[in-house]
Amino acid sequence: IVVQSAVKQEKQVSSKSTPTDLVTETDHQVEELIISTLREKYPTHRFIGEESSAAGVKCELTDDPTWIIDPIDGTCNFVHSFPMVAVSIGFAVRKELELGVIYHCFDGTLYTARKGHGAFCNGVRLQVSKEKDVSKALILTEIGAKRDPATLDIFLGNMKKLLSAPTHGVRIIGSSTLALCHIASGAAEAYYQYGLHCWDIAAAAVIIREAGGHVMDTTGPLDLMSRRVVAAGTREIADCVVKQLQPINYGRDDTD
Ligand code: IPD
């Protein structure tokens, strides 16, 4: 409701790590609301939030129960009222992801999953695509915040390789979490990105895995802090996508 009503109003926009990494007062407001509500219920739990981390709070995943929050994923979309904006909340215990909730703020779609209990969209069970042939795959990605010429060359080169692999196509919607929900629902076969953060992937990883899919680092098992991810309905498609990619170094969430 906070995001939906703020969309119609004038926004105070500022930038964080780069001029394209945007934040608004609504990002802060929603993060404070989520953290204070959860803290009241779970006073001993820890929190990793996009805006708290940007403000200097250490981004550290310990064995303690930890909520990993992106208050507005797709802030640039939110600024433009482009209707792909989500709130994402993941929950990890002993560094294992247990719960994921992603709310699409424009159409009210709610994606939920709990480890071992399946993934759902507005209560309807989700199932990833079973396609194994990359030439029949629709691939999703996001650009990330770096726009220097060398990074863009690698980004566009990766996209060119995937388009000519061949695949059915590559799409960018401006929200990592909602793109990842499309992998969980089987609307696309794979997602890859360099430069996303732990709060972009935490909730979505539970949802995709519970929908039968695979979520990993481009170099091995998923590392929440590595800022690299490949997700796919099948292992075959994930492996084919990884083979096409030239890495982009964004550093790590827990050291930078
Ligand atoms: C970003 C968006 C964007 C993606 C970035 C994310 P934010 O999240 O999902 O599409 O390219 O990597 O960090 O900053 O809007 O919460």
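**Two domains, two open sheets and a ligand between**

Strand 13 (residues 214-217) and strand 14 are antiparallel partners, joined by 2 bridges. Within this pair, Met216 faces Pro221 of strand 14. The model is predicted. The chain has a mean pLDDT of 95, and 100% of its residues reach 70 or more. For the complex, the predictor reports an ipTM of 0.94 and a pTM of 0.96.

The pair of strand 13 and strand 14 belongs to an open sheet of 6 strands, ordered 11-10-12-15-13-14 and with mixed pairing. At its edges are strand 11 (169-171) and strand 14 (220-221), each of which pairs on one side only. Helix 8 (residues 235-244) packs on this sheet, where it touches strand 10 (138-141), strand 12 (190-194), strand 13 and strand 15 (228-232). The direction of helix 8 makes about 140° with that of strand 15.

The chain also holds an open sheet of 7 strands. Its order is 3-4-5-6-7-8-9, again with mixed pairing. Strand 3 and strand 9 (124-125) are the edge strands; each has a single partner strand, so one side of each is left without a neighbour in the sheet. Helix 7 (residues 198-210) packs on the sheet and touches strand 3, strand 4, strand 5, strand 6, strand 7 and strand 8. Between the direction of helix 7 and that of strand 6 the angle is about 100°.

Several pairings can be followed across this sheet. Strand 3 runs parallel to strand 4, with 4 bridges between them, and Arg46 stands opposite Thr66 in strand 4. Strand 6 and strand 7 run antiparallel and are joined by 5 bridges; here Ile102 lies opposite Tyr111 in strand 7. These two strands form a hairpin with 5 residues between them, and Gly108 in the turn has a positive phi of about 75°. Strand 7 also pairs with strand 8, in the antiparallel sense and over 3 bridges. In that pairing, Tyr111 is opposite Cys121 in strand 8. The hairpin of strand 7 and strand 8 has 4 residues between the strands, and Gly116 there takes a positive phi near 85°.

The domain assignment divides the chain into domain 1 (2-125) and domain 2 (134-244). Taken over C-alpha atoms, the centres of domain 1 and domain 2 are 19 Å apart. Their contact draws 37 residues from domain 1 and 26 residues from domain 2. On the domain 1 side, at least two residues each come from strand 3 (46-49), strand 4 (66-73), helix 4 (75-80), strand 5 (86-93), strand 6 (96-104), strand 7 (110-114) and strand 8 (119-121). Strand 6 contributes the most to this side, with 7 residues. By class, the side of domain 1 that touches domain 2 consists of 20 nonpolar, 11 polar and 6 charged residues.

The ligand can be placed relative to the two domains. Both domain 1 and domain 2 give residues to the shell around the ligand, so the ligand lies between them. Of the 16 residues around the ligand, those that come nearest are Asp73, Thr75, Glu142, Ser176 and Leu196. Strand 4 gives the most to this shell, with 3 residues. The shell has 3 nonpolar, 8 polar and 5 charged residues.

Technical notes
Residues are numbered from 1 along each chain as its sequence is written. This is a predicted model: local features need pLDDT of at least 70, side-chain atom pairs count only at pLDDT 80 or more; totals for chains, interfaces and linings use all residues. Domain bounds come from an automatic or database domain assignment. Two residues are in contact if their C-beta atoms, placed from the backbone, lie within 7 Å. Ala, Val, Leu, Ile, Met, Phe, Trp, Tyr, Cys and Pro count as nonpolar, Asp, Glu, Lys and Arg as charged, and the others, Gly among them, as polar. Two strands pair if DSSP finds at least two bridges between them. Axes are lines fitted to C-alpha atoms, for helices over the stretch in contact, and angles run from 0 to 180 degrees between N-to-C directions. A residue is near a molecule or strand if its C-beta atom, placed from the backbone, lies within 6 Å of it. pLDDT is the predictor's confidence in each residue, from 0 to 100.
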